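Here is a short report for a first look at a protein model. Keep the sequence and the 3D view open as you read.

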Amino acid sequence: MKRRQIITIAAAAAIIAAAALFLFTWEKRQRLGNPAVRLVNVPMPGIEESFSATNTFVAGSNSIYLPEKVLSYQSQVSPITRQVWDWLPKDTTYGQRVYRDTNGFQIQTMAVLMGKDRTSLHQPQYCLTGAGWHQESQEQTTIAVDRPQAYELPVMKMKLKRAYRDSNGQPREAAAVLVYWFVADDQLTSSHDERMWWMARDLLRTGVLQRWAYVLQFTVCRPGEEDATYARISEFIRASVPEYQLVPSTGAKMAKSLQAEATR
């Protein structure tokens with residue numbers, strides 16, 4: 001065997017060995033980032049099927065804090081379904097409430113926080129398609145939030161439609177508005193692709209697996225009322241987000257103080 005071939009084979013073997021060693025030690029060197037949403041030591045309830053109050057179970061020993069009252073809205077905890085609990089990794093943390101105002105207007109708020117398993121988060125289009133909704137439009141925009149400091153919250157705004165039949169068997173159409181974003185320690189985005197890129201970048205650069213959370217607001221409305229519905233959701237977001245989201249903050253000390261208070 002020629003000397004050049006020997007050198008090539010030895011170099012390839014060294015690269016393979018180095019890659020194997022890197023992968024073997026990678027998990028030990030990996031560190032989980034700080035959550036960017038408030039956590040509380042309150043178990044998250046679960047139910048076996050949607051819209052059923054029977055056969056409950058505990059879907060996690062802690063949960064993401066969501067305020068009980070926002071503006072004129074009162075709320076109740078919405079349990080995680082068994083299907084979601086079985087589908088997502090067990091180190092996923094949840095928060096979910098349904099808010100209703102005095103006129104019956106309703107907003108469903110859900111927050112999902114990943115643990116070490118990054119498959120906790122995904123694009124909402126998968127769940128929407130399974131529930132019969134189809135996307136009419138999608139737009140990246142921002143919502144002005146003034147606490148704890150003034151900033152523009154990047155969000156994805158989606159208008160949805162779903163065909164169904166009423167109690168008489170007549171075809172009908174429902175509309176909905178979905179608003180969502182992703183948040184990690186000192187990072188905000190409305191783009192799933194950008195979140196994935198930032199997560200990989202931070203992991204390679206620092207060894208920190210950022211603990212991303214996915215937050216969404218969902219409201220069903222009549223066709224043609226999507227813009228008015230989005231305006232009400234925006235107002236709700238401006239009032240509620242500072243209560244549970246730690247980013248952006250006036251500094252790391254503030255975020256740590258809020259987190260310590262929430263977990264007492």
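## Terms and ground rules

A residue is buried when its relative accessible area is under 20%, exposed when it is over 50%, and partly exposed in between (1.4 Å probe, protein chains only). Helices (H or I, at least four residues) and strands (E, at least two) are DSSP runs, numbered from the N terminus. With those terms, start at β13: 11 of its 14 residues are buried, so this strand is mostly covered.

This is a predicted model, in which local features need pLDDT of at least 70 and side-chain atom pairs count only at pLDDT 80 or more, while totals for chains, interfaces and linings use all residues. Residues are numbered from 1 along each chain as its sequence is written, and side-chain values use heavy atoms, with hydrogens and water left out.

## β13 and its partners

Strands of a sheet pair through backbone hydrogen bonds, either parallel or antiparallel. Here, two strands pair if DSSP finds at least two bridges between them. Which strands pair with β13? One is β12: 10 bridges join it to β13 (residues 171-184), and the two run antiparallel. Tyr164 has Arg172 of β13 as its bridge partner. Another is β16, antiparallel to β13 over 9 bridges. There, Tyr180 stands opposite Leu216. β14 also pairs with β13 in the antiparallel sense, over 3 bridges. In that pairing, Leu188 of β14 stands opposite Val183.

Now look at the turn between β12 and β13. These strands form a hairpin with 5 residues between them. In this hairpin, Gly169 takes a positive phi near 85°.

## The β11-β12 hairpin

Move back along the chain to β11. Strand β11 covers residues 134-145, and β12 covers residues 151-165. They pair in the antiparallel sense over 11 bridges. Val145 and Tyr151 stand opposite each other. The two strands form a hairpin, with 5 residues between them.

Pro148 sits in the loop between β11 and β12. A cis peptide bond joins Arg147 to Pro148, with omega about -5°.

## Two nonpolar cores

A nonpolar core is a set of buried Ala, Val, Leu, Ile, Met, Phe, Trp, Tyr and Cys residues joined through side-chain atoms within 4.5 Å. How many residues does the largest one have? It has 31. Leu153, Trp181, Val183 and Ile237 have the most contacts inside it. At least two residues each come from β10 (106-113), β11, β12, β13, β16 (213-221) and α5 (226-244). Helix α5 gives the largest share, 6 residues.

Another core lies apart from this one. It has 30 residues, among them Val112, Leu128, Ala176 and Met199.

## Unusual backbone spots

Most residues other than glycine have a negative phi, and most peptide bonds are trans. Some places in this model depart from that pattern. Leu71 has a positive phi near 50°. It lies in the loop between β6 (69-70) and β7 (73-77). Is Leu71 buried, partly exposed or exposed? Leu71 counts as partly exposed, because its relative accessibility is 47%.

Asp186 also has a positive phi, near 65°. Its place is in the loop between β13 and β14 (187-189). Those strands form a hairpin with 2 residues between them. Asp186 counts as exposed, because its relative accessibility is 62%. Elsewhere, a cis peptide bond joins Val247 and Pro248, with omega about -5°. Pro248 lies in the loop between α5 and α6 (252-262).

## A small open sheet and a buried arginine

An open sheet of 3 strands has the order β4-β3-β8, with mixed pairing. β4 (56-58) and β8 (80-81) stand at the edges. Each has a single partner strand, so one side of each is left without a neighbour in the sheet. Strand β3 (residues 45-47) runs parallel to β8, joined by 2 bridges. Ile47 has Thr81 of β8 as its bridge partner.

Last, find Arg38. Arg38 lies in the loop between β1 (31-32) and β2 (39-40). It counts as buried, because its relative accessibility is 14%. A polar atom of the Arg38 side chain lies 3.1 Å from the backbone oxygen of Glu243.

Definitions and conventions. Polar contact = N/O pair within 3.5 Å; in protein donor to acceptor, adjacent residues only side chain to side chain.
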